[in-house]
Amino acid sequence: MTGRLKDKVVLITGAASGIGEHTARLFASEGALVVISDINAAAGERLARELGMHFIAADVSKEEEVERAVSSTVGWHGRLDCMVNNAGMVGVVGSILETGAEDWRRTLSVLLDSVFFGIKHAGRQMRELGGGGVILSLSSLAGLVGGVGPQVYSVAKAGVIALTRGAASELSAYGIRVNAVAPGLVMTPLVEEVYGGHDAALRGGAAKSPLGSAAMPQEIAASLCYLASDEARHVSAHTLVIDSGVSAAGAGAAPQFHHQPADFLGRLPEQYQ
Ligand SMILES: NC(=O)c1ccc[n+]([C@@H]2O[C@H](COP(=O)([O-])OP(=O)(O)OC[C@H]3O[C@@H](n4cnc5c(N)ncnc54)[C@H](O)[C@@H]3O)[C@@H](O)[C@H]2O)c1
């Protein structure tokens, strides 16, 4: 531990798994007071107990739940220094010609409305408290390059970049920095679900990337740690791309998501139906 985030109060959504979990672990080890939030209460509570931190259940697609997570964080710690809008899912996958309006809306609500709610309510609290702050959101390579992500997912992640720029311009007046991270393939349960397992994800994605690798969630957590820390105090409105060189090499280097086996078309994961 080097104390890069010493005593900073941080709320992380989707912190029960993958990038969010590793961000919670790293931030806690760097001295932050982390509030772990997730829709998965069992896993979130387990991690919070292990780290000795608070947990709050919240479905990020619901504004009142995001607002409650933010106000509870301030209630527990008296401050909010950093909000990480990380929660996400793959959402509806398949041809845009077959995508239903309900699946479109539900996917956007989890991936994009959530970031709007996070920026809005964290930004309000930070403005009110008067000490500035940092808001970080998870975009994706899919939001930058056509054809490397499912259609609706890509739209949402492009929206996250636009929202980041707009919010950064507006909120800088209150000393609030707003940034995003856009990873390529990161080896988490989300990716393993899409590819049908860890080894398949490595073969399908990493093998095609220019660096021949897929990032680990700990590495995305490290970038978020930098952006959350005072070392990045002049960094705002920025989207940090961490994609093993895929965007430079073009979409041909990346996995394709638009032509999935028939049984995967136009279907949301069970918990979102
Ligand atoms: N893994 C990758 O390759 C990759 C690449 C680019 C961007 N991302 C983004 O990184 C973020 C984290 O993804 P991950 O790979 O760690 O996935 P993950 O599945 O390991 O973790 C996602 C977490 O979000 C939670 N979650 C899902 N829906 C929620 C909701 N409605 N409300 C609250 N919590 C909810 C899940 O319970 C889970 O704990 C996502 O926004 C994802 O789109 C991931």
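Buried residues make up 49% of the 273 residues in this protein. The model is a predicted one. Its chain forms 9 helices and 7 strands. A ligand is surrounded by 29 residues.

**Overall fold**
- Take the contacts with a separation of 6 or more: 72% of them join residues 24 or more positions apart.
- The largest nonpolar core holds 81 residues.
- Val-10, Val-34, Ile-36 and Leu-136 have the most contacts inside that core.

**Leu-136 up close**
- Leave out residues up to four places away in sequence, and Leu-136 still touches Cys-82, Val-84 and Asn-85.
- Its other partners on that count include Asn-179, Ala-180 and Val-181, along with Leu-224, Leu-227 and Ala-228.

**Around the ligand**
- Among the 29 residues there, Gly-14, Gly-18, Gly-88, Thr-188 and Leu-190 come nearest.
- Two elements, α1 (18–29) and α6 (189–195), each give two or more residues to this shell.
- The shell divides into 16 nonpolar, 11 polar and 2 charged residues.

**Helix α1**
- α1 has 12 residues. From its first C-alpha to its last it reaches 17 Å, close to the 16 Å expected at 1.5 Å a residue.
- The helix is mostly covered, with 10 of its 12 residues buried.
- Among the buried residues of α1 are Gly-18, Glu-21, His-22 and Phe-27. Gly-18 is also one of the residues that come nearest the ligand.
- After α1 comes Gly-31, which has a positive phi near 95°.

Conventions:
Residues are numbered from 1 along each chain as its sequence is written. This is a predicted model: local features need pLDDT of at least 70, side-chain atom pairs count only at pLDDT 80 or more; totals for chains, interfaces and linings use all residues. A residue is near a molecule or strand if its C-beta atom, placed from the backbone, lies within 6 Å of it. Helices (H or I, at least four residues) and strands (E, at least two) are DSSP runs, numbered from the N terminus. Ala, Val, Leu, Ile, Met, Phe, Trp, Tyr, Cys and Pro count as nonpolar, Asp, Glu, Lys and Arg as charged, and the others, Gly among them, as polar. A nonpolar core is a set of buried Ala, Val, Leu, Ile, Met, Phe, Trp, Tyr and Cys residues joined through C-beta atoms within 7 Å. A residue is buried if 20 or more other C-beta atoms lie within 10 Å of its own, exposed if 12 or fewer, and partly exposed in between; C-beta atoms are placed from the backbone. Two residues are in contact if their C-beta atoms, placed from the backbone, lie within 7 Å. The expected span of a helix is 1.5 Å times one less than its number of residues.
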